[in-house]
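Here are a few notes to help you find your way around this one. Have a look at the structure first, then read on.

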Amino acid sequence: MSAMFTADEAAEILDATLRGETPDERGRFGPFGGRYVPETLVPAFQRLEEGIRRYLHEEAFQQELQRELREWVGRPTALTFAAQLSKSWGAEVWLKREDLAHTGAHKINNAIGQALLAKRLGAKRVIAETGAGQHGVASAAACARVGLPCSVYMGVVDMERQAPNVDRMRRLGAEVVAVETGDKTLRAAIDEALRAWVTDPQGIYYLLGSAVGAHPYPYLVRELQSVIGRESRQQMLDQAGGLPDVAFACVGGGSNAIGLFYPLLGDDIELIGVEAGGTGDGLGENAATLATGTPGVLQGAYTIILQDDDGQVQETHSISAGLDYSGVGPEHALLQAIGRVRYVSARDDEALEALEELCVSEGILTALETAHAYAAARKYAQLNPGKRILICNSGRGDKDMSTLTEYAARTERHAGA
Ligand SMILES: *Cc1c(COP(=O)(O)O)cnc(C)c1O
């Protein structure tokens, strides 16, 4: 991918990005992004695009959003100096605490923003997709808050694996729609949600959960998640006395990462996205899309995806459900292509080890997704001593307790055998 642009072209694209010119009016981030959807869906996407243009940056809407972020989500979230981690890594480590946001992760920033938008657009009900259930829970909570009925599409395989989240969504008043088609997981859930949207594009609002999909979702989700980077930037100046040398975020679809990175693109800060390296480098063993994928169209956008030589989308593996996705947001594909953000991966076992270290040294049980960012940051600190490091602590790990227990039991059995 490094050969895609000359240095001059890359610098020009970054300048355009800093001027706020990405995506362009066709929803393109350089060659990536766009809108590849069936004819039947075009009016729904156009309506949404118009609604965003009209309301998202309007003063009354922004005031309402800021109030909800402050009083209901609990923003600004803290910036925490990690004293023990800093000492053992030989670095200065700062954590942006999205785990302290309502419902336990950054996902709520996007969910409440879109729920308020749905209300403005006059939608009668909201639909959402979910894989592991985290976005479903955030959507259910946000819809309850703004007073809109919510249906969450979820594959039956995921419903079984994530039963506690199904319960949480129902308690928050959402209907959980069991998806029996396709792979019966996230990809099928998105397809079914889109099918439902077509039946009533005026009355239904589709609340998508990451910076992926057809235009305008990658743009909309970035705008709503950029609060992470804006707050971090100001808090680093206030608390650390300066900006970080380097910032890390884990990348599934890429929403917490773009939220942290976008407001920092113009600063002299090295930006590193961390994907799931799974159990190894083989096809199907990881979800390291940007590291090993190739360009193609997935769920409405031209981006980097994991596919075989025939263009069949590959199954992925990660210990963290939130990173287990065969695509990535198109803006990340561009940021990699112009060399502004570097994308690396961390394996399952490295993430687990980092999670344990963070628990005992800072008293923070982080999400398995987030643990990948720590694993990469730790490696970086070893190679580059004395750096000021910012890590997006995207969510809390309570949801992962059963996975952690299972994994511990499995490795004990291996050790015993
Ligand atoms: C869902 C999730 C992620 C991955 O999603 P992105 O859109 O890549 O941010 C990361 N961390 C946590 C805690 C999550 O719940």
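**Notes on the ligand site and the two domains**

1. Keep in mind that this is a predicted model. A good place to start is the ligand: an oxygen atom of the ligand sits 2.7 Å from a polar backbone atom of glycine 254. Glycine 253 also brings a polar backbone atom to within reach, at 3.2 Å from a ligand oxygen.

2. On the side-chain front, serine 394 has a polar atom 2.8 Å from a nitrogen atom of the ligand. The ligand has 380 Å² of accessible area on its own, and the protein covers 97% of that.

3. Now for the rest of the shell. There are 15 residues around the ligand, and the ones that come nearest are Lys107, Ser210, Gly252, Gly254 and Ser255. Sorted by class, the shell holds ten polar, three nonpolar and two charged residues.

4. Next, the overall layout. The domain assignment splits the chain into domain 1 (33–70 + 107–221) and domain 2 (75–104 + 226–416). Their centres, taken over C-alpha atoms, are 24 Å apart.

5. How many residues are in contact between the two domains? It's 28 from domain 1 and 27 from domain 2. Together they bury about 2100 Å², with carbon and sulfur atoms giving 56% of that area. On the domain 1 side, Tyr36, Asn109 and Arg187 supply 25% of the area buried against domain 2, more than any other three residues.

6. Arg187 is worth a second look: its side chain meets that of glutamate 315 in a salt bridge (3.3 Å, N to O). The count between the domains is one salt bridge, and seven residue pairs are in polar contact across the interface.

How values were computed. Residues are numbered from 1 along each chain as its sequence is written. This is a predicted model: local features need pLDDT of at least 70, side-chain atom pairs count only at pLDDT 80 or more; totals for chains, interfaces and linings use all residues. Side-chain values use heavy atoms; hydrogens and water are left out. A residue is near a molecule or strand if one of its heavy atoms lies within 4 Å of it. A polar contact is a pair of N or O atoms within 3.5 Å; within protein, one must be able to donate a hydrogen and the other to accept it, and residues adjacent in sequence count only if both atoms are side-chain atoms. Accessible areas come from the Shrake-Rupley method with a 1.4 Å probe; for residues, only the protein chains shown count as cover. Ala, Val, Leu, Ile, Met, Phe, Trp, Tyr, Cys and Pro count as nonpolar, Asp, Glu, Lys and Arg as charged, and the others, Gly among them, as polar. Domain bounds come from an automatic or database domain assignment. Contact means heavy atoms within 4.5 Å. Buried area is the accessible area (1.4 Å probe) that two parts lose on being put together, summed over both. A salt bridge is a side-chain nitrogen of Lys or Arg within 4 Å of a carboxyl oxygen of Asp or Glu.
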